[in-house]
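Here is a short tour of one protein model, written for someone who likes to know which side chains sit where. Keep the sequence and the 3D view open as you read.

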Amino acid sequence: MAALLTLTSLLLSVALLLIGHGMQLTLLPLRAAILGHSDLQIALGGSAYFLGFIAGCLLVPRLIARAGHIRSFAVLASAMTSVLLVLGLNESWVTWAALRFGIGFFICGLYSVIESWLNDQATEDNRGQVLSVYTFLVLVSMALGQQLVNASPVASATPFMVLAAIVALSTIPVGMTRKLAPAPIESTRTRIRLLLSRSPLAVTGALLSGAVTGAFWTLGAVFARRSLENLADVTLFMSAAILGGALFQYPFGWLSDRVGRQDTMLLLVVLAAGTSASVAMAPSTPLLLAAIFFFGATTMPIYSMALATAADNSLRHEFVEVGTSVLLLNALGAVLAPLALGQLMTMGEPSWLFWGCSGLSIFAALIVLAQRGRKAKVDDVVPFSAAASDMAPTSFDMDPRAPEDVEGDLAPAEELPSVSDSEDEDEQAGDEGRDTPGY
């Protein structure tokens, strides 16, 4: 608790920023629909956002290393504020797509500043607590942001002014803090080939999580606006999904620690297929809100499960790199899926969005079934730790599963084993005679 008290100003900035971020995730698709953008054009804007997030993962650490944490936070928040104001004044979908790329880049940079700062202040004894509080704060703040969409008509400029003001206010607590900012962060390498070698199941989960949740964030509000009677119900729809994802992270994590990651992942993707179909078929508003709650409960924990599976199947010093690979694969799924599902919505009915999510989940379930029986290469199962997919690579330095011997940094590249070398070492990494419960 003492560590959290020292981070009060930073967490306040996080809350303000994520309230604004949650608001814009729902506001922008609704406004685009009012402007007459097609479902495919709205999907292109959402894909551009996640593409910007990927670019931020790769490039932002250099900015922070050059300017420092506080100035980087101020610059990125100011740039995001400006982009949001321009979006409120522009109607071209091409411009919207370009500006949404910028929002993805800026929000990834802001996450990087926040998470590396949290990691610098956390210790080995309280990292898990800090990460859990941070993840909970991210989800709650984003849920609160949904309700602000109701503050004024979406067709007016007022919501964009409110949104920009909230994001701008987030710079005040960080800018006025008396705490010293941490040392500049280092760029994180990705090793997707290593992740694929270690755990194809984690790759499957990361791509499915990105595809389904990315489609939800990009087009879910459009589906809700066409299916529900008023705007207040739309924000309840979005909030219910977030709340379901927040409440069911730990129950599924607890289950995976006891029955295994593979069985829990299979359960999640099968349930995701069912809940996606139930959203598509819901005949009334109460049933639709209940269905989307369980949709969030079964789809949003898939990312954390993929991350936990990757951690189980990697050596400890590899976790930051494979974790970053899981994040980027998640973002890649979020770039590609909205394009296909947006085209489905254009060709058919709004419900085709969730029929598409159901189909993707069934396909993932078949892949998971095909992988059953394959043993993990590293017998080092670690307790489940919840994580939101909307984070930056620096969050893995803060995770308890990150290396203990290097505080916040990766081991030098020459000390990292190749895939073939790692496989020889893996046989000695776990306790002899113990079977891992997950793959």
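C357 counts as buried, because its relative accessibility is 1%. Please keep in mind that the model is predicted.

C57 is another cysteine to look at: with a relative accessibility of 7%, C57 counts as buried. Might you be wondering about cross-links? The number of disulfides in this model is 0. For C57, the nearest cysteine sulfur belongs to C108, 3.6 Å away, and C57 is in no disulfide. A disulfide needs the two sulfur atoms within 2.5 Å, so the 3.6 Å between C57 and C108 does not qualify.

Now for the charged pairs. The structure holds 3 salt bridges, and here they are with the separation of their closest N and O atoms.

| Salt bridge | Closest N and O atoms |
|---|---|
| R226 and D39 | 2.7 Å |
| R261 and D257 | 2.7 Å |
| R261 and D312 | 2.7 Å |

Take the pair of R226 and D39 to begin with. R226 lies in helix α10 and D39 in helix α3 (residues 39-67), so this salt bridge ties together parts that are 187 residues apart in sequence. The two partners can be described by their accessibility as well: D39 is buried, with a relative accessible area of 4%, whereas R226 counts as partly exposed at 44%.

R261 takes part in a salt bridge with D257 and in another with D312. Through these shared partners, D257, R261 and D312 are joined into one network. How far apart in sequence are R261 and D312? They are 51 residues apart, with R261 in helix α13 and D312 in helix α15 (residues 301-312), so to speak of this pair is to speak of a link between distant parts of the chain. Both R261 and D312 are buried; for R261 the relative accessibility is 1%. D257, in turn, counts as partly exposed at 30% relative accessibility.

Helix α13 (residues 261-281) also holds M281. Is M281 buried or exposed? M281 counts as exposed, because its relative accessibility is 52% and the cut-off for exposed is over 50%. Together with M347, W352 and W355, M281 makes a nonpolar surface patch of about 450 Å².

Next, a look at the pockets. The largest pocket has a volume of about 220 Å³. Which elements give two or more residues to its lining? They are α10 (200-227), α16 (319-347) and α17 (352-371). The lining residues are T204, L207, L208, A211, G333, L336, A337, L360, F363, A364 and I367. If you follow α10 in the viewer, you will meet both a contributor to this lining and the salt-bridge residue R226.

One last stop is a loop. E91 has its place between α4 (69-87) and α5 (93-121). With a relative accessible area of 59%, E91 is exposed. E91 and H37 are 54 residues apart in sequence, while their C-alpha atoms are 8.8 Å apart in space.

Methods
Residues numbered from 1 in each chain as written. Predicted model: local features only at pLDDT ≥ 70, side-chain atom pairs only at ≥ 80, totals over all residues. Heavy atoms only, no water. Patch = residues over 30% accessible without salt bridge, like charges linked within 9 Å, V, L, I, M, F, W, Y side chains within 5 Å. Areas by Shrake-Rupley, 256 points an atom, 1.4 Å probe, with all protein chains shown as cover. Salt bridge = Lys/Arg side-chain N within 4 Å of Asp/Glu carboxyl O. Helix = DSSP H or I, 4+ residues; strand = E, 2+ residues; numbered from the N terminus. Buried < 20%, exposed > 50% of the residue type's maximum accessible area, 1.4 Å probe, protein only. 1 Å grid on protein atoms, 1.4 Å probe; cavity = no way out; pocket = protein on both sides within 12 Å on 5 of 7 lines; lining within 4 Å. Points joined across faces, edges and corners; volume = space filled by probe spheres on them.
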